[in-house]
Amino acid sequence: MVFGFRLAMLALSAPAALLNAAPGLGTRLVGAAVVVTFITSYALFRDWERFGPLLLRHPTLLALDTLFGALLLVSAGPDTPLAYVSVCTPLLAGIAYGYRAAAVFASLQSLILLLVYATTAEADTSLAEKLLLPGFCVITGAGGSALRNLVLRFGAATQALAETRARLAATEAVAAERARLAREMHDSVAKTLHGVALAADGLAATAATTPQNPALIIQQADLVARASRRAATESRELLVDLRRHETPTTDVLKELACRTADFTTRTGLPATYQPTSPAPPLPPAVTRQLLSIAAEAMENAHRHATPTSVDVRAGVEGDLLRISVYDDGRGLPPGTTLEQLRKAGHFGLIGMVERAASVGARIRMGRGDHSKGTEVLLELPLAPRRT
């Protein structure tokens with residue numbers, strides 16, 4: 001803005017400066033001063049990002065500009081628009097260099113103006129008129145210094161805000177990762193270790209009450225060993241999952257069929273899987289969350305609902321991928337809320353809700369369209385398909 005104002009004033013006052021210059025050498029000097037001052041102001045006006053740092057590093061450039069401006073001012077006279085260009089110099093000094101430079105350039109420019117008035121002004125020019133522009137130089141120098149301080153404070157505040165946002169983002173990322181690891185541990189290793197503890201308790205009770213039955217003791221010891229190996233395997237899979245480089249996409253329906261078959265083999269509870277329609281491949285991170293929700297729903301049915309069977313369905317309906325896990329067990333207690341589960345230390349359903357939210361899916365738990373039991377219905381919006 002300052003250089004734009006300078007350009008306008010130079011354009012208006014340059015003809016007067018050239019007309020009033022002495023013929024010959026004087027005209028050439030004034031013309032050179034007009035060209036240099038105009039080109040310098042135009043370059044800084046059009047490309048401050050490139051030439052501004054050069055001006056900031058070398059205050060002597062502004063001093064040379066002041067001398068060229070003084071030459072034009074002497075030639076054109078203090079009553080032309082060029083006099084207002086001199087007011088911009090202390091303003092630039094205050095903005096670029098601070099209050100000390102603003103004071104120096106305001107004093108220098110005021111002295112130049114007073115000398116010009118002393119040599120060119122008419123006899124009836126009053127003292128107030130002679131001091132008007134020098135006073136403006138002092139005021140603009142102070143204003144430029146104040147504006148510099150304001151810009152610096154605003155920059156410091158902006159930087160502090162950016163740092164605060166970065167710290168908050170890092171804190172949120174750490175909290176999200178902690179929540180994710182807690183869900184992974186709860187859905188895999190924690191449950192398996194709980195089974196190990198139960199099997200170990202059974203082994204201890206059998207050894208204490210029926211030590212004469214070695215076959216039962218061996219069977220229960222084998223159960224403890226297998227459960228322990230499974231916990232070690234799940235821990236290793238969790239660590240590998242944190243480090244591996246994922247493939248672009250994954251077939252969620254194929255993986256869901258494998259999880260359902262593994263559930264039946266491991267628990268002995270009949271679980272059927274039925275794909276209702278093909279589904280597009282999904283990113284591995286999304287697939288992992290969906291499969292974890294379905295697996296947790298099956299595990300909850302087996303552990304808490306005493307069902308006779310579990311029915312798993314998956315497919316695309318419209319622009320939604322729908323995954324349903326239904327068991328014909330006793331269902332959720334009436335009035336169950338997530339806050340109650342959190343206070344009671346039951347984090348399975350809470351983890352399912354958090355997983356669904358992390359991938360932008362919706363989850364509903366209840367009887368649904370069934371007369372009894374529990375249905376966990378997961379709906380993931382899909383991107384519109386291109387035709």
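These exercises work through the sheet, a cavity and some single residues of one chain.

The model is predicted, so local features need pLDDT of at least 70, side-chain atom pairs count only at pLDDT 80 or more, and totals for chains, interfaces and linings use all residues. Residues are numbered from 1 along each chain as its sequence is written, and side-chain values use heavy atoms, with hydrogens and water left out.

**Exercise 1. Take stock of the chain: how many helices and strands are there, and what percentage of the residues count as buried?**

Step 1. The chain has 12 helices and five strands. Both are DSSP runs, numbered from the N terminus: helices are H or I with at least four residues, strands E with at least two.

Step 2. Of its 387 residues, 37% count as buried. Buried means under 20% relative accessible area, exposed over 50%, and partly exposed in between (1.4 Å probe, protein chains only).

Step 3. Take contacts between residues at least 6 apart in sequence: 70% of them join residues at least 24 apart. A contact means heavy atoms within 4.5 Å.

**Exercise 2. Lay out the sheet: in what order do the strands stand, and why is one side of β1 and of β4 left without a neighbour?**

Step 1. The sheet is open, with five strands in the order β1-β2-β3-β5-β4 and mixed pairing. Two strands pair if DSSP finds at least two bridges between them.

Step 2. β1 (271-275) and β4 (362-366) are the edges; each has a single partner strand, so one side of each lacks a neighbour in the sheet.

Step 3. On average, neighbouring strands are turned by 10° against each other, direction ignored. Axes are lines fitted to C-alpha atoms, for helices over the stretch in contact, and angles run from 0 to 180 degrees between N-to-C directions.

Step 4. Now the pairings. β1 and β2 (residues 310-317) run parallel, joined by five bridges. Ala 271 faces Val 310 in β2.

Step 5. β3 and β5 are antiparallel, over eight bridges. Leu 320 stands opposite Pro 381 in β5.

Step 6. β4 and β5 also run antiparallel, with five bridges between them. Here Ile 363 stands opposite Leu 378 in β5.

**Exercise 3. Place the helices on the sheet: which strands does α9 touch, and which does α12 touch?**

Step 1. Helix α9 (residues 252-267) packs on the sheet and touches β1, β2 and β3 (320-327). The direction of α9 makes about 165° with that of β1.

Step 2. Helix α12 (residues 348-358) packs on the sheet too, touching β4 and β5 (374-381). The direction of α12 makes about 150° with that of β4.

Step 3. Buried residues of α12 include Leu 349, Ile 350, Met 352 and Arg 355. Just after α12, Gly 360 has a positive phi of about 80°.

**Exercise 4. Describe the second largest cavity: which residues line it, and which element gives the most?**

Step 1. The structure holds two cavities of 30 Å³ or more. On a 1 Å grid over the protein atoms alone, a cavity is a set of points where a 1.4 Å probe fits but cannot get out; lining residues have an atom within 4 Å of a point.

Step 2. The second largest cavity has about 30 Å³ of space. Grid points are joined across faces, edges and corners, and the volume is the space filled by probe spheres set on the points.

Step 3. The lining is Leu 290, Ile 293, Ala 294, Ala 297, Ile 323, Val 325, Val 376 and Leu 378.

Step 4. α10 (284-305), β3 and β5 each supply at least two of the lining residues. α10 gives the most, with four.

Step 5. By class, the lining has eight nonpolar, no polar and no charged residues. Nonpolar covers Ala, Val, Leu, Ile, Met, Phe, Trp, Tyr, Cys and Pro; charged covers Asp, Glu, Lys and Arg; the others, Gly among them, are polar.

**Exercise 5. Classify three residues: is Thr 374 buried or exposed, is Thr 306 buried or exposed, and is Gln 219 buried or exposed?**

Step 1. Thr 374 lies in β5. Its relative accessibility is 11%, so Thr 374 counts as buried. In β5, seven of eight residues are buried.

Step 2. Leave aside neighbours within four places in sequence: Thr 374 then contacts Val 325, Tyr 326, Asp 327, Gly 331, Leu 332 and Gly 366.

Step 3. Thr 306 sits in the loop between α10 and β2. With a relative accessible area of 57%, Thr 306 is exposed. Phi of Thr 306 is near 45°, a positive value in a residue other than glycine.

Step 4. Gln 219 belongs to helix α8 (residues 214-243). At 53% relative accessibility, Gln 219 is exposed. Its C-alpha atom is 8.9 Å from that of Leu 203, 16 residues away along the chain.

How values were computed
1 Å grid on protein atoms, 1.4 Å probe; cavity = no way out; pocket = protein on both sides within 12 Å on 5 of 7 lines; lining within 4 Å.
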